[in-house]
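Please look over the sequence and the model shown here before reading the report on its packing.

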Amino acid sequence: MRASGILMHISSLPSAHGIGTMGEEAYKFVDFLADAKQTYWQMLPICPTSYGDSPYQSFSTHAGNPYFIDLDMLADEGLLEPEDYEEIDWGDDETRVDYSALYNSRFKVLKKAYENFKDTDRTMFDIFLDENEAWISNYALFMTIKDHYNGKSWLEWDEGLKKRDPHELWMFKEAHADEVEFYEFIQYKFFEQWKKLKEYANGRGVQIIGDIPIYVALDSAAVWVYPDLFELDDELEPITVAGCPPDAFSPTGQLWGNPIYNWERHKETGYNWWIDRLRAAVELYDVVRIDHFRGFDGYYAIPYGDKTAENGEWKKGPGIEFFRFVESRLGRLPIIAEDLGFLTSSVLQMLSDSGFPGMKVLEFAFDPREPSNYLPYNYEKNCAVYIGTHDNAPIKGWVEELDDETIRFCKKFLNYECGDMDGFIRTFIRTAFACVGDTVIIQMQDYLGLGSESRMNTPSTASGNWQWRMKKGAYEGMLAEMIAEMTAIYGRCPR
């Protein structure tokens, strides 16, 4: 089925409280998507962020981001008073997220909501805890211990807590029961609000494309609870970490720092950890994009402690047998495979055997020196087409970074020789819509005609990312009508 959608993270929604939430503006955006005849709202991972505020470096594979809990909705429930949060300085730029301001204030406000919650009916809360016992108690305990150690990594905790001595864990939990329950309460409210938003979106014909990173953060509940599933030494420190080798764009490669999976151990356990993770993802989203899909075929392992990715080596992953096993347990899953980067014949074969749609990025297509697989005439139907992802500049910013020869080739291909930037962007978007690929996803920044100031992430940089926010009312006017018309012209209207 031909369809289209818009990529924008929840954090980028307008809000008076520092960051986008699952409140009124999220529902308005769903209405906009429905009016624009879009099938999909694609988001980045909605998990809690850790290092560098990146949604791809999280403390948990299951938990939701506390920043996305809408404070007005908590006030409507009587858990907060408006004065508890309306006078707080959430940052002075409506187009940027101030993560420092959020970190210093958001949990204090949520703690007030928790204190007020204690005197209410706990029936649904207890049901939620029972339904999510497989992960939530460990996560809440993990976060409570982190707070006790002023945010230090679990590798720096006292030996008993670091290595999960049962008695010491029990003693700590008994002494900090209220703090543990606070983190459980946060997740209760997150998933309560998420469920309502997703049901509303689905009711309006909008499906959610979610995103899960292939790797997890070293400083996460997953590694702390299941160290045997990762390549760690006797002191639980990584032996190797993940990244990408040097290339033309990054002379020293990309050093991500995530621990590498012990795939043999995963296989011995029947891939139960992955089964649980993917089951949760397909319950949370309508479609799941798996980041760095090629890592299941072969992964790049870098010695722990190296400052660059230059000394890594490729190792074999579980391959197509992993996905066949998953399908035998969970059935056919709605997955988009992020298959960007250097692809070997074995990666391409794994993708073909899986049947999952891969990704095509139009901004990668216009190298005048050689033909590109990302030119639209090379696409197959079973693919998801993007002009750019969260790791790319919006069209306006992308053009500003190009050399003259590439710009000339791009304009010739698009049959757009002269005119203003708005016209060029519209032509670029129409080229994506017209292609044979079943699914087209456009960044919201491109529909708004924004430049590099709105870029979500620049890979291999540690600061200044994940901050862009859309101005309130930015998509009002004729934009939905324009998108709807284009969606109909190119046969991508929802059926």
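The text below covers the nonpolar core, one helix pair and one loop residue.

This is a predicted model, in which local features need pLDDT of at least 70 and side-chain atom pairs count only at pLDDT 80 or more, while totals for chains, interfaces and linings use all residues. Residues are numbered from 1 along each chain as its sequence is written, and side-chain values use heavy atoms, with hydrogens and water left out.

The largest nonpolar core (buried Ala, Val, Leu, Ile, Met, Phe, Trp, Tyr and Cys residues joined through side-chain atoms within 4.5 Å) holds 161 residues, and among the members that touch the most others are Phe-29, Trp-41 and Trp-274. Helix 8 (residues 177-203) supplies the largest share of this core, eleven residues; helices here are DSSP runs of H or I, at least four residues, numbered from the N terminus.

Contact means heavy atoms within 4.5 Å, and residues up to four places away in sequence are not counted for Phe-29 or Ser-454.

| Residue | Contacts |
|---|---|
| Phe-29 | Ile-6, Met-8, Leu-13, Trp-41, Met-444, Met-470, Tyr-475 |
| Ser-454 | Pro-394, Gln-445, Trp-468 |

Ser-454 lies in the loop between helix 17 (444-447) and helix 18 (479-489), and its relative accessibility of 0% means that Ser-454 counts as buried (under 20% relative accessible area, with a 1.4 Å probe and protein chains only).

The axes of helix 11 (residues 272-284) and helix 12 (residues 320-330), which are lines fitted to C-alpha atoms over the stretch in contact, come within 11 Å and cross at roughly 60 degrees. Helix 11 is therefore oblique to helix 12. Residues making this contact include Trp-274 and Leu-278 of helix 11 and Phe-322 and Arg-329 of helix 12.

Key: Buried < 20%, exposed > 50% of the residue type's maximum accessible area, 1.4 Å probe, protein only. Helix = DSSP H or I, 4+ residues; strand = E, 2+ residues; numbered from the N terminus. Axes fitted to C-alpha atoms, helices over the stretch in contact; angles between N-to-C directions. Parallel < 35°, antiparallel > 145°, perpendicular 65-115°, else oblique.
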